[in-house]
Amino acid sequence: MAKIGAAQTPPTLPTPAQGVRWTTPIVETPGIVVLASWIWRLVRFLVTLPFRFPVMVACLAASFAAWWWLGWPGLAGLWTTALVVSLVWWRTWPDSYRYCVTLRLLAWWRHVFVYRRHWQPVLVISGLAESYQERRYLPRIRRVMCDIWADRVRVSLVAGTSPADFETRVAELAHGFAAPSCRVIVNRPRDITLEFPRRDTLAEPFDALPTPDAPELDALHVGQREDGSPWRLRLHGTHVLVAGVTGSGKGSVIWSAVRAMLPAIDSGTAQVWAIDPKRMELAYGRDLFAHYADDGESAVALLELAVAQMQDRARRYAGKRRSHTPTTEDPFVLVVLDEVAFLTAYHPDRDIRKRSENAIATLTSQGRSVGFSVLAALQDPRKEVMNLRNLFPDKVALRLDEASQVDMILGEGARDRGANAHLIDPTFPGVGYVRMETSPAPVRVRAAYVSDDDITAMTDVYAASDEEVGR
Ligand SMILES: Nc1ncnc2c1ncn2[C@@H]1O[C@H](COP(=O)(O)OP(=O)(O)OP(=O)(O)O)[C@@H](O)[C@H]1O
């Protein structure tokens with residue numbers, strides 16, 4: 001008799017749990033097969049060892065040969081000679097020694113004791129290990145290389161996964177391998193490199209850079225990239241928007257660019273037209289500018305003059321040439337706009353707002369090929385404040401307030417790829433992220449700091465005379 005309250009099951013129907021179930025049969029692998037597989041792995045390891053670690057194998061082989069033929073004194077002699085050669089090499093050619101010995105040893109060490117050791121737990125916990133038919137597949141480390149500031153781990157992806165899976169887990173990977181950040185570089189299909197900096201090369205500010213003799217307007221040296229190489233900013237043939245909260249160092253990007261252009265300004269092949277609503281940032285070097293405006297009315301007049309000159313140049317070029325080469329007759333014109341939202345959003349006069357927006361839109365959409373560029377700075381990148389963002393092909397994200405603003409500036413996916421502009425330390429002004437034309441992965445950079453004294457010195461040497469610039 002069924003108990004009161006027990007589940008009632010009709011005796012003729014099987015419950016779903018009692019339906020037919022197929023289970024995978026368990027077949028025991030014979031011991032000989034396991035043994036053969038281990039022997040095969042050992043042989044493969046020994047055969048490939050000289051190709052994978054040629055220097056280490058050669059050292060061991062030479063040591064063994066010295067000991068075999070010459071005994072312990074021979075081995076001691078060999079190692080003493082190696083030590084002396086090493087010391088002389090280190091003292092005489094430190095760079096080549098670092099490249100050929102120190103960094104290779106470091107790469108080997110980090111491969112074995114950091115990446116291989118923690119690879120499985122970090123990848124499994126961060127969700128990058130894949131399972132298929134009850135087997136686990138891990139991306140494979142192909143090689144670890146070190147340079148002066150970062151480790152580069154080359155990885156083969158598991159079939160069916162994509163680099164985007166790694167890009168969305170850069171924070172987990174960085175913390176997992178105790179690195180300050182992680183960047184994903186795609187080499188080929190199923191072949192990526194994870195870049196882990198070992199230290200922050202941009203932690204120390206650096207002074208204004210020397211003025212070049214012949215400035216390249218499409219690659220102005222304005223700062224340093226995280227990997228120690230120069231950060232070159234293109235101005236000729238593009239427009240640049242620099243976004244960052246107050247105190248993030250927008251001024252240093254603008255001033256570094258102007259400084260790098262100085263000889264071209266001096267020779268008359270380039271002009272800077274400046275709009276400075278705060279009257280603090282650019283006023284200091286006012287004499288360097290061909291035109292200067294600091295209130296709404298004069299700023300719009302300046303922008304409309306730039307549009308008129310640009311259109312005149314375009315009319316002259318029509319049907320004759322398709323690109324601009326800076327000359328004294330047709331100089332490269334850089335319109336610098338500090339706090340562009342003052343004109344497009346905050347100015348009380350609606351007419352001024354409308355006219356400036358039209359002028360900026362015209363300059364940014366038509367100026368590129370005739371030698372007119374806009375370099376604009378902005379504190380708040382939201383659409384309500386600046387809806388012309390997309391007319392600027394190149395953007396620099398300095399320290400931002402919110403995570404959501406990163407993609408607004410650098411484009412979709414930039415934050416997933418490691419551009420954490422919202423996490424930049426406030427004590428690191430001038431640090432930011434840029435996207436280079438050659439790669440979708442954002443690059444961390446720092447602008448050189450151009451002090452007030454530097455600006456004064458620049459003005460003393462290079463100030464444009466009114467006659468020269470036709471003011
Ligand atoms: N590249 C840099 N390296 C070191 N220090 C810097 C750098 N840029 C700026 N600073 C420091 O940070 C301070 C603020 O910089 P800056 O005025 O350029 O910021 P900003 O973004 O233009 O701010 P705001 O929008 O309020 O004008 C500067 O006074 C300077 O001391």
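The following paragraphs describe the sheet, the helix α6, the nonpolar cores and the ligand shell of a predicted model. Local features are described where pLDDT is at least 70 and side-chain atom pairs count only at pLDDT 80 or more, whereas totals for chains, interfaces and linings use all residues. Residues are numbered from 1 along each chain as its sequence is written.

Strands of a sheet pair through backbone hydrogen bonds, either parallel or antiparallel. In this model, 10 strands form an open sheet with mixed pairing, in the order β8-β7-β16-β15-β14-β9-β13-β12-β10-β11; strands are DSSP runs of E with at least two residues, and helices are runs of H or I with at least four, numbered from the N terminus, while two strands pair if DSSP finds at least two bridges between them. Because β8 (230–233) and β11 (291–293) stand at the edges, each with a single partner strand, one side of each is left without a neighbour in the sheet. From one strand to the next, the twist averages 25°. Within the sheet, β15 (residues 431–435) and β16 (residues 442–447) pair in the antiparallel sense over five bridges, and arginine 435 stands opposite proline 442 in β16.

Helix α6 lies across several strands, including β7 (220–225), β9 (240–243) and β13 (372–378), and runs at about 140° to β7; axes are lines fitted to C-alpha atoms, for helices over the stretch in contact, and angles run from 0 to 180 degrees between N-to-C directions. Aspartate 266 has its place in this helix and counts as partly exposed because it has 17 C-beta neighbours inside 10 Å, the class between buried (20 or more other C-beta atoms within 10 Å) and exposed (12 or fewer), with C-beta atoms placed from the backbone.

The largest nonpolar core, a set of buried Ala, Val, Leu, Ile, Met, Phe, Trp, Tyr and Cys residues joined through C-beta atoms within 7 Å, has 83 residues, and α6 gives the most to this core, with nine residues. Ala257 is among the residues with the most contacts inside the core, and, not counting residues up to four places away in sequence, alanine 257 touches Leu220, Val222, Leu233, Leu235 and Leu375 (contact: C-beta atoms, placed from the backbone, within 7 Å). A second, separate core of 18 residues includes Leu128, Phe166, Ile192 and Leu194.

Around the ligand there are 15 residues, of which Pro205, Gly249, Gly251, Ser252 and Gly430 come nearest; a residue is near a molecule if its C-beta atom, placed from the backbone, lies within 6 Å of it. Helix α6 (residues 250–267) gives the most to this shell, with three residues.

Conventions:
Two residues are in contact if their C-beta atoms, placed from the backbone, lie within 7 Å.
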